[in-house]
Amino acid sequence: MSQTVSDFIIQRLHQWGVRHIFGYPGDGINGVFGAMNRAGGKIGFVQARHEEMAAFMASAYAKFSGQLGVCIATSGPGASHLVTGLYDALLDHQPVLAIVGQQSRSALGGQYQQELDLVSMFKDVAGAYVMQASSPAQVRHLIDRSVRIALARRVPTAIILPNDLQEEPYEDPPHAHGTLHSGIGYSAPSIRPRDADLDRAADVLNAGKKVAMLIGAGALNASDEVIAVADRLSAGCAKALLGKAALPDDLPWVTGSIGLLGTEPSYKMMMNCDTLLMIGSGFPYAEFLPKEGAARGVQIDLDAGMMSIRFPMEVGLVGDAAETLRALLPRLSPKADGSWRKGIEDNVATWWKPLDGRAHQPASPVNPQLVAWELSPRLPDRAIITSDSGSCANWFARDLRMRRGMIATLSGGLASMGAAVPYAIAAKFAHPDRPVIALVGDGAMQMNNMAELITAAKYWRDWRDPRFIICVFNNEDLNQVTWEQRIINGDPKFDASQQIPNVSYSRFAELIGLRGIYVDSPQVLSSAWEQALASEMPVVLEVKTDPEVPPLPPHITLQQAKNFSLALLKGDPNEGGVIRGAARQVLESILPGRE
């Protein structure tokens with residue numbers, strides 16, 4: 001049998017280093033699936049339960065492996081389902097290739113079943129490169145360009161394959177006018193700023209007496225360089241959510257997360273600094289950065305388009321974080337006065353005490369903060385932690401202390417619900433020898449993550465380390481939005497939109513062959529974590545948590561307090577529980593250890 005177009009595609013992807021493809025089959029893409037079958041396992045196919053989840057897996061695989069993530073879907077609804085996960089890759093700057101089927105070329109334009117204008121549909125999310133194939137000789141450069149552009153620009157790309165073309169005999173482009181002859185290979189360049197710009201940045205940083213640093217995902221591979229620069233500048237360092245694993249939290253000057261999900265030391269540091277050094281972060285909330293004019297700014301980012309859009313920077317350095325910091329370090333002078341950093345360290349040491357107290361405040365039945373607090377000291381070495389969006393992300397951000405060698409991430413720019421379990425599954429395919437833990441709200445579980453537990457049940461025996469724990473916060477409430485209604489909008493909880501059914505997630509796990517652990521008492525939470533972490537098969541740890549424990553921001557504004565009072569005056573359906581929960585958390589900040 002001669003090589004088909006689909007056979008060539010699988011061969012070419014393998015030559016590019018692709019070893020996993022996440023997706024779901026369908027007749028519009030059957031030719032490529034047939035080629036994968038004929039390839040004898042050269043590229044492993046991971047069957048998700050839904051194409052959106054497959055795209056999330058591809059995005060997460062790129063994050064965890066540093067390589068290209070690839071997802072595949074059929075025409076029509078299969079292709080449209082990919083879009084949300086691809087936006088996750090776009091907003092978090094991850095290289096992902098989407099391969100999608102299309103109806104046969106002769107039917108296009110005839111309103112055929114499952115015929116969508118896929119080029120137009122993908123134009124925003126994969127606008128760096130989206131192309132529909134029209135001939136066998138064209139396919140080679142479509143694969144090569146889509147992969148190279150995705151890797152070089154750290155974006156999603158897409159190629160669209162009519163189903164009749166997939167089965168045609170493959171032919172190389174002829175040596176003739178109007179043809180293209182592409183090749184394989186991409187090596188990331190060394191990118192660092194000019195010496196003159198490094199000198200200007202050093203002048204700003206050397207002049208500062210109170211330097212604050214903010215790091216994001218762009219600093220994940222620059223931990224040693226960040227530490228060296230922070231020590232030279234006697235700076236404190238806050239972490240955006242996607243940079244949570246960039247620095248270990250046992251460094252006394254690391255203030256933890258920043259923003260609505262952040263810490264009080266991060267907020268105080270930003271409000272009192274005179275110089276800001278931002279590295280590889282697109283952190284969006286200006287109210288948690290210094291006021292304009294109150295501090296000078298230097299920013300390091302690989303993407304010039306991200307420069308000076310969060311804070312008006314005096315110097316922007318376009319370059320790789322590690323290389324730029326290495327070039328900057330010799331230009332920096334040690335700070336003679338260590339009082340600024342000493343104050344930051346004191347704030348950090350003090351902060352953990354009320355946080356401990358908040359986690360141990362009584363709740364009905366389990367305080368959700370305690371779930372993450374009890375996990376933190378038990379995290380295995382080299383653990384990978386994922387979180388969903390929602391109130392669980394607050395506890396992920398504040399209460400989990402990262403150590404060297406750990407990885408932690410979530411859907412950042414898109415902040416999509418439903419990403420934690422597909423992220424966790426992708427982590428296992430990127431690193432099958434590492435323990436993986438996902439923190440998930442019950443809303444996200446019901447939206448789409450329960451189905452992906454079936455995917456874990458299908459594949460877990462192939463993972464060298466079986467530790468795979470999905471921790472579900474079951475509070476029967478879309479909790480983050482409930483608190484946003486109260487604090488931001490001044491409205492009481494709207495039961496019709498916020499209340500969700502009570503589902504036994506642990507029993508569902510057992511139904512599909514996994515282990516389920518149910519916790520409805522704080523006294524057994526620590527032992528439940530220990531059981532889950534010692535399990536030789538995947539575990540769903542379901543904790544019945546109190547929805548009235550507020551995910552407090554590090555700084556409560558007068559307007560937020562007014563809105564909260566207004567929501568109560570309008571008659572919240574659980575007014576008594578809301579008041580008790582909020583009072584306990586606020587008082588713990590003022591009088592640690594008191595109820």
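This report describes two groups of strands, two helices and the cysteines of a predicted model.

**The span 388–543**

According to UniProt, in an unreviewed entry, residues 388–543 carry the feature "domain: Thiamine pyrophosphate enzyme TPP-binding". In the model this span is 43% helix and 17% strand, and its end C-alpha atoms lie 15 Å apart.

**An open sheet of 6 strands**

The strands of one open sheet follow the order β14-β13-β15-β16-β18-β17, and their pairing is parallel. At the edges are β14 (407–410) and β17 (515–519), each of which pairs on one side only. From one strand to the next, the twist averages 15°. Strands of a sheet pair through backbone hydrogen bonds, and the pairing is either parallel or antiparallel. Within the β13–β14 pair, S387 has L410 of β14 as its bridge partner.

Helix α21 (residues 525–534) lies across four strands, β15 (436–441), β16 (468–474), β17 and β18 (539–544). Relative to β17, helix α21 runs at about 170°.

**Strand β7 and its partners**

Where do the side chains of a strand point? In a regular strand they alternate between the two faces of the sheet. Strand β7 (residues 211–215) has both faces covered: V211, M213 and I215 are buried on one side, and A212 and L214 are buried on the other. Because 5 of its 5 residues are buried, β7 is largely enclosed by the rest of the structure.

Strand β7 pairs with β10 and with β8, and in β10 the residue opposite L214 is M278. In β8, K239 is the bridge partner of I215. The table lists these two pairs along with the β13–β14 pair.

| Strand pair | Residues of the second-named strand | Sense | Bridges |
|---|---|---|---|
| β7 and β10 | 275–279 | parallel | 5 bridges |
| β7 and β8 | 236–239 | parallel | 4 bridges |
| β14 and β13 | 384–387 | parallel | 4 bridges |

**Helix α7**

Helix α7 (residues 136–153) has 18 residues. From its first C-alpha to its last it reaches 26 Å, close to the 26 Å expected at 1.5 Å a residue. The helix is mostly covered, with 13 of its 18 residues buried. After α7 comes R154, which has a positive phi, near 55°.

**Cysteines**

How many disulfides does the structure hold? It holds 0. C273 is in no disulfide, and the nearest cysteine sulfur, that of C237, is 12 Å away. Is C273 buried or exposed? C273 counts as buried because its relative accessibility is 4%, and the cut-off for buried is under 20%. C71 is also buried, with a relative accessible area of 0%.

Technical notes: Residues numbered from 1 in each chain as written. Predicted model: local features only at pLDDT ≥ 70, side-chain atom pairs only at ≥ 80, totals over all residues. Heavy atoms only, no water. Disulfide = S-S within 2.5 Å. Buried < 20%, exposed > 50% of the residue type's maximum accessible area, 1.4 Å probe, protein only. UniProt positions renumbered as here; feature names shortened; annotations may be inferred. Helix = DSSP H or I, 4+ residues; strand = E, 2+ residues; numbered from the N terminus. Pairing = 2+ DSSP bridges. Axes fitted to C-alpha atoms, helices over the stretch in contact; angles between N-to-C directions. Contact = heavy atoms within 4.5 Å. Expected span 1.5 Å × (residues − 1).
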